[in-house]
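The following note is offered to a colleague who has the sequence and the structure at hand. It proceeds by numbered points, each on one topic.

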Amino acid sequence: MTLFESTVRPVLFRLGGGDAEAAHEFTLHRLAGLPAPARSLMRARYATSAPVEAFGVRFPNAVGLAAGMDKNGIALPAWPALGFGFVEVGTVTAKAQPGNDKPRLFRLRGSEAIINRMGFNNAGAAALATRLAALGPIGVPLGVSLGKSKVTPLEEAVEDYLTSHRLLHPYADYIAVNVSSPNTPGLRSLQDKSAIADLLKALVGPKPVLVKIAPDLTEPAIAELLEVCLSHGAAGVIATNTTLSRDGLAQSDQPRATEAGGLSGRPLTEKARKVVHFVHTETGGRLPIIGVGGIMEPDDAARLLDAGASLVQLYSGFIYRGPALVRAAAKAAANHQAASAR
Ligand SMILES: Cc1cc2nc3c(=O)[nH]c(=O)nc-3n(C[C@H](O)[C@H](O)[C@H](O)COP(=O)(O)O)c2cc1C
């Protein structure tokens, strides 16, 4: 057991009477307030140098922070200090919005899982653009995840994404098009062939555009989407978002299983790996993949890379394992790279 698991995690998990969002907000604000010398010390402990290149961008290591952790980019300088080789901020929407009613974030500890129905709570694309302009580069590549504002009808989705894109692409090393969150009504229908084609026509341009997909799509639906990605200039695919499935939960978590929202963490590990493998084989490796879903151990990262991912991201694993997992996963990725180069 690491120091994080034996001392830090129990305190965080008790905050706010065990409310997961209270712990999230507390941690984010503490990280945002870290002074530069503290970040330097953390960097010395956690940062791993194992450069990788994907879709024309050079990454200091292959392990990134997944979207949703720092939606408004308030703690950006802290993430590279915790060892992340890239950071995906957002998902942000053109219009600021409060998200769904609380509670909307639940830990399922027996399963090392999380259910969330946050609903893209965020301060809006303009606020993020202002923050990024003031902050300047953070030392590792920055992805910006875009979603649709809840009040915008699906027929106007392209214009909504474009508004955010115009404001934010100057600060991004890549753009993630999130069409796979289960928590905005109708959003996942944007994964359909013609909708994703329209989105890519509008957004593909100065910065690499990656499409983030749901793990619940059928293989024929993924194959169709990949064709569109290839023919419309997408730079890659992020696989996967959270799942609507409740398979693989421990008995102790059954009462929580009925909460609406997307499930992440350990129950997603195998499912995400299968989707990454399918995307890789279906495209013959022509579309770079960021693999995400259920990386709880360094080996889980290595297996996603084995399945065809060029980079990986984590969210739930960071909640349960802390920064030691980032470092260990980056080292596992470096070993994987060295072995494939042989
Ligand atoms: C609380 C929470 C909020 C999330 N918000 C977003 C989001 O805004 N945009 C997005 O693309 N993915 C979001 N995700 C999904 C993660 O980026 C990731 O795809 C998913 O959790 C699977 O990875 P994991 O098993 O390592 O958590 C969120 C996940 C969680 C747990």
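1. Which residues come nearest to the ligand? The model under review is a predicted one. In this model, 28 residues surround the ligand, and A66, G68, S264, Y315 and S316 come nearest. Two or more residues of this shell are given by each of strand 4 (86–92), strand 6, strand 11 and helix 12 (316–321). Sorted by class, the shell around the ligand contains eleven nonpolar, 15 polar and two charged residues.

2. The barrel may be taken next. Eight strands close into it, with parallel pairing and in the order 3-4-7-8-9-10-12-13. From one strand to the next, the twist averages 25°. Strand 3 (residues 63–65) and strand 13 (residues 311–314) run parallel and are joined by three bridges. Within this pairing, L65 of strand 3 has L314 in strand 13 as its bridge partner.

3. A separate paragraph is due to the open sheet. Three strands form this sheet in the order 5-6-11, and their pairing is antiparallel. Strand 5 (105–108) and strand 11 (262–265) are the edge strands, each pairing on one side only. With direction ignored, neighbouring strands of the sheet are turned by 25° against each other on average. Four bridges connect strand 6 (residues 113–116) with strand 11 in the antiparallel sense. I115 has L263 in strand 11 as its bridge partner. Strand 6 and strand 11 are also among the elements that give two or more residues to the shell around the ligand.

4. Helix 1 (residues 3–18) and helix 2 (residues 20–32) form a helix pair whose axes come within 7 Å and cross at roughly 120°. That angle makes helix 1 oblique to helix 2. Their crossing is right-handed. On the side of helix 1, the contact involves L12, F13, L15 and G16, which meet A22, A23, F26 and T27 in helix 2. The residues of this contact comprise six nonpolar, two polar and no charged.

5. Helix 5 (residues 125–135) and helix 6 (residues 157–168) have axes that come within 9 Å and cross at roughly 10°. Helix 5 is therefore roughly parallel to helix 6. A125, A126, L128 and A129 of helix 5 make the contact with T163, S164, L167 and L168 of helix 6. By class, six of the residues in this contact are nonpolar, two are polar and none is charged. Helix 6 also lies across strand 4, strand 7 (142–146) and strand 8 (174–178), and runs at about 160° to strand 7. Strands 4, 7 and 8 follow one another in the order of the barrel.

6. How are helix 7 and helix 8 oriented to each other, roughly parallel or roughly antiparallel? The axes of helix 7 (residues 193–203) and helix 8 (residues 219–231) cross at roughly 25° and come within 9 Å. Because angles under 35 degrees count as roughly parallel, helix 7 and helix 8 are roughly parallel to each other. The crossing of these two helices is right-handed. K193, I196, A197 and L200 of helix 7 meet E224, L225 and V228 of helix 8. This contact of helix 7 with helix 8 has five nonpolar, no polar and two charged residues.

7. Two cis peptide bonds deserve a check in the viewer. The bond from G90 to T91 is cis, with omega near 10°. T91 lies in strand 4, and strand 4 gives two or more residues to the shell around the ligand. A239 and T240 are likewise joined by a cis peptide bond, with omega of about 15°. T240 is placed in the loop between strand 10 (236–239) and helix 9 (254–257).

8. One further backbone feature concerns F55. Phi of F55 is near 35°, a positive value in a residue other than glycine. Where does F55 lie? F55 is found in the loop between strand 1 (52–54) and strand 2 (57–59).

Methods: Residues numbered from 1 in each chain as written. Predicted model: local features only at pLDDT ≥ 70, side-chain atom pairs only at ≥ 80, totals over all residues. Axes fitted to C-alpha atoms, helices over the stretch in contact; angles between N-to-C directions. Parallel < 35°, antiparallel > 145°, perpendicular 65-115°, else oblique. Left-handed = near helix turned anticlockwise from the far one by under 90°. Contact = placed C-beta atoms within 7 Å. Nonpolar A, V, L, I, M, F, W, Y, C, P; charged D, E, K, R; others polar. Pairing = 2+ DSSP bridges. Near = placed C-beta within 6 Å.
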